[in-house]
Amino acid sequence: GLAEMEVWTDWRKWDGHLEDAQGRTVLAQCVASAALTPWTADGIPRLLFPLALGPLAHQALRVVPGRAETTLPGADPRFEGTVLENGELRVDLGRWGVMQVHDTARGRGWSLLAAPLVFECRADDSDTWSHGIERFTGPVLASAAFEPPVLVESGPWRTTVRLAGRV
């Protein structure tokens, strides 16, 4: 599967690569940091890379200075306007959130969603001990309205689009 790690570079930009114990380059995609701190855009690099490990196994990787000339496998997913597509799925984003998800093999006429995924604020009169509640059925007080989607990162292993909105 894919593994992630953040590499401490003492706030310097990432200028390195990973190698396994035999000195082979481990292909890695630089992705956005998970930390919500103002310096992460330029600071702590987060790497996404394939790693095959069995149960209770471990593997040591070395951080080596200097970029390795490598090409990541596969094509990057495509993002245009409000559509994110990777050849397997097509996701249509809109003012209310995720509008449709299409299985590319089935075509655009068949969405995996029965209805758009909307984010709603509902009235809730239940208490914290109501463990049997499966859904909130109170009236909708407000729904989230989203700005146009923004591409955060793009690569063959992970592409991220951000929807910012208000309820």
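Two strands count as paired here if DSSP finds at least two bridges between them. Keep that in mind as you explore this predicted model.

**Stop 1: the whole chain.** Show the protein chain as a cartoon. You will find 16 strands and zero helices. Turn the model around: along its principal axes, the C-alpha trace spans about 60 × 45 × 35 Å. The radius of gyration is 21 Å, while a compact globule of 167 residues would have one near 15 Å.

**Stop 2: the surface.** Switch on a surface view. About 11,700 Å² of the protein chain is exposed, and 54% of that comes from carbon and sulfur atoms. Buried residues make up 25% of the 167 residues. Now colour the charged side chains: there are 16 positive and 21 negative ones, and the centres of the two sets lie 3 Å apart.

**Stop 3: a sheet of three strands.** Select residues 16-19, which form strand S2, then add S3 (25-26) and S6 (62-65). Together they make an open sheet in the order S3-S2-S6, with antiparallel pairing. S3 and S6 stand at the edges with a single partner strand each, so one side of each has no neighbour in the sheet. Strands of a sheet pair through backbone hydrogen bonds, either parallel or antiparallel.

**Stop 4: zoom in on S2 and S6.** How many bridges join S2 to S6? Four bridges do, and these two strands run antiparallel. Finally, select leucine 18 and look across to S6: valine 63 stands opposite.

Methods: Residues are numbered from 1 along each chain as its sequence is written. This is a predicted model: local features need pLDDT of at least 70, side-chain atom pairs count only at pLDDT 80 or more; totals for chains, interfaces and linings use all residues. Side-chain values use heavy atoms; hydrogens and water are left out. The radius of gyration is taken over C-alpha atoms; the globule rule is 2.2 Å times the number of residues to the power 0.38. Buried means under 20% relative accessible area, exposed over 50%, partly exposed in between (1.4 Å probe, protein chains only). Accessible areas come from the Shrake-Rupley method with a 1.4 Å probe; for residues, only the protein chains shown count as cover. Lys and Arg count as positive and Asp and Glu as negative; His and the chain ends are not counted. The place of a charge is taken as NZ of Lys, CZ of Arg, CG of Asp or CD of Glu.
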